[in-house]
Amino acid sequence: MTRLRTSVTDLLGLDLPIIQAGMSWASSSSALPLAVSNSGGLGVVAAGPMRLPDLTRVLDEMAAGTDRPWAVNLPLYRAGADEVIDLLLSRRPPVLIASQGGPRRYLDRFHAVGTRCLHVVAGVSHALKAAAAGVDGLVVVGAEAGGHPPPGMVTTQVLVRAVVSAVPSIPVIASGGIADGAGLAAMLALGAGAAQFGTRFLASAEATVHRSYQEAVLAAGVDDTRTVGRGFGVIRALSNEFTARMAELEASGAEESLRRKVFQDSSLKDAALHGDVATGKVEAGQSAGLITEILPAAEIVARITEEYAAVVRRLPQLEG
């Protein structure tokens, strides 16, 4: 097995600093995370949209399907988060990636059962608080990311560098706008110990999303996403009828109640499971414009690794 040693691979016991993002519906089964973990990266189960019986089944499949590290992503704002935490504590996943809430809510209990705890942050102040609370590592999400980018819309390159400088003792995973080995090399050069790939793994054979969703990602250019939902949960999604309507309402200063209704009437589930790419929330990052084909997850991991090695070999060397 090819290995690339970094602070994150040492922390989590990985062969490669390649993290598959926990994506609602796309990785709410065992297929994608198992494929990534068994290829040397970190596969991540998305617990956000899952009912407890379904999550229990997937956790058992992960435990039976690999002897490599894997993770569960838990948005702490989801309904029934405390029940999910209790379930996870009983199953002891190797890694927990928590978001949308404070780490003190869960940290001590998961550390007590041997789970490594990573916390998603969107700014330096959040990173400092999470580090002070005792998290094992940080996932730093920049503006290019699909789903929920940081409110300040600071780019991944700037935000990762700022966080690494502010908390140099904490391993950092960079997320947002990263789709290939060149992106991985860039993030490691900034001081991150790994890169998280979301949209790239949306376009994988194992991702449990509708084919129309994947085809929309493949058809997108780097400027074919937009952010909408300011004031009650900004998302980045592919441009479609939904985002156009939201942008129109935001530009015209429409009342919040109307904007909220339009925002809530559209759903990620309709796009991901039912293929409604016209009026659903087709969440994806700007890196969609760098992705041209659907591949098995294991091949994606292998290609990222090969591309990384080629990029490093091509870098100019100092002389004299």
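How many aromatic pairs does the structure hold? In this predicted model, the structure holds 4 aromatic pairs, and among them is the pair formed by F232 and F263, which is edge-to-face, with 5.2 Å from centre to centre and 80° between the planes. This pair links distant parts of the chain, since F232 belongs to the loop between β9 (225–228) and β10 (235–238), whereas F263 belongs to helix α12 (residues 256–265), and the two residues are 31 residues apart. F232 is buried, because its relative accessible area of 16% falls under the 20% that sets the limit for a buried residue. F263 is buried as well, with a relative accessible area of 9%.

A further ring pair involves F263, this time with F242: the centres of the two rings are 6.1 Å apart and the planes stand at 50°, so the pair is tilted. Because F242 lies in helix α11 (residues 241–252) and F263 in helix α12, this pair ties together parts that are 21 residues apart in sequence. Both F242 and F263 are buried. Taken together, ring pairs link F232, F242 and F263 into a cluster. The ring of F263 also has a charged partner, for the charged end of K281 sits over this ring, at 4.2 Å from its centre.

Strand β9, which precedes the loop that holds F232, includes T225. T225 is buried, with a relative accessible area of 10%, and its side chain is joined to the side chain of R236 by a polar contact of 3.0 Å. When residues up to four places away in sequence are left out of the count, T225 touches R236, A237, L238 and S239, and also A284, G285 and Q286.

The model also contains an open sheet of 8 strands, paired in the parallel sense, in which the strands follow the order β1-β8-β7-β6-β5-β4-β3-β2. The edge strands of this sheet are β1 (18–20) and β2 (43–46), each of which pairs on one side only. From one strand to the next, the twist averages 25°.

Within the sheet, strand β3 (residues 70–75) pairs with strand β4 (residues 95–99) in the parallel sense, over 5 bridges, and L74 stands opposite A98 in β4. Helix α4 (residues 81–91) lies across β3 and β4, and runs at about 165° to β3. Another helix, α6 (residues 124–133), lies across β5 (116–121) and β6 (137–141), and its direction is at about 160° to β5.

Strand β7, which stands between β8 and β6 in the strand order, spans residues 172–175 and includes S175. Is S175 buried or exposed? With a relative accessible area of 7%, S175 is buried, because this value lies under the 20% limit. Leaving aside residues up to four places away in sequence, the residues that S175 touches are V139, V140, V141, G142, T156 and Q196. Among these contacts of S175, V139, V140 and V141 fall within the residue range of β6 (137–141), the strand that follows β7 in the order of the sheet.

Methods. Residues are numbered from 1 along each chain as its sequence is written. This is a predicted model: local features need pLDDT of at least 70, side-chain atom pairs count only at pLDDT 80 or more; totals for chains, interfaces and linings use all residues. Side-chain values use heavy atoms; hydrogens and water are left out. Rings of Phe, Tyr and Trp (its six-membered ring) pair if their centres lie within 6.5 Å; planes under 30 degrees apart count as stacked, over 60 as edge-to-face and the rest as tilted. Helices (H or I, at least four residues) and strands (E, at least two) are DSSP runs, numbered from the N terminus. Buried means under 20% relative accessible area, exposed over 50%, partly exposed in between (1.4 Å probe, protein chains only). A charge sits over a ring if NZ of Lys or CZ of Arg is within 6 Å of the ring centre and within 35 degrees of the ring normal. A polar contact is a pair of N or O atoms within 3.5 Å; within protein, one must be able to donate a hydrogen and the other to accept it, and residues adjacent in sequence count only if both atoms are side-chain atoms. Contact means heavy atoms within 4.5 Å. Two strands pair if DSSP finds at least two bridges between them. Axes are lines fitted to C-alpha atoms, for helices over the stretch in contact, and angles run from 0 to 180 degrees between N-to-C directions.
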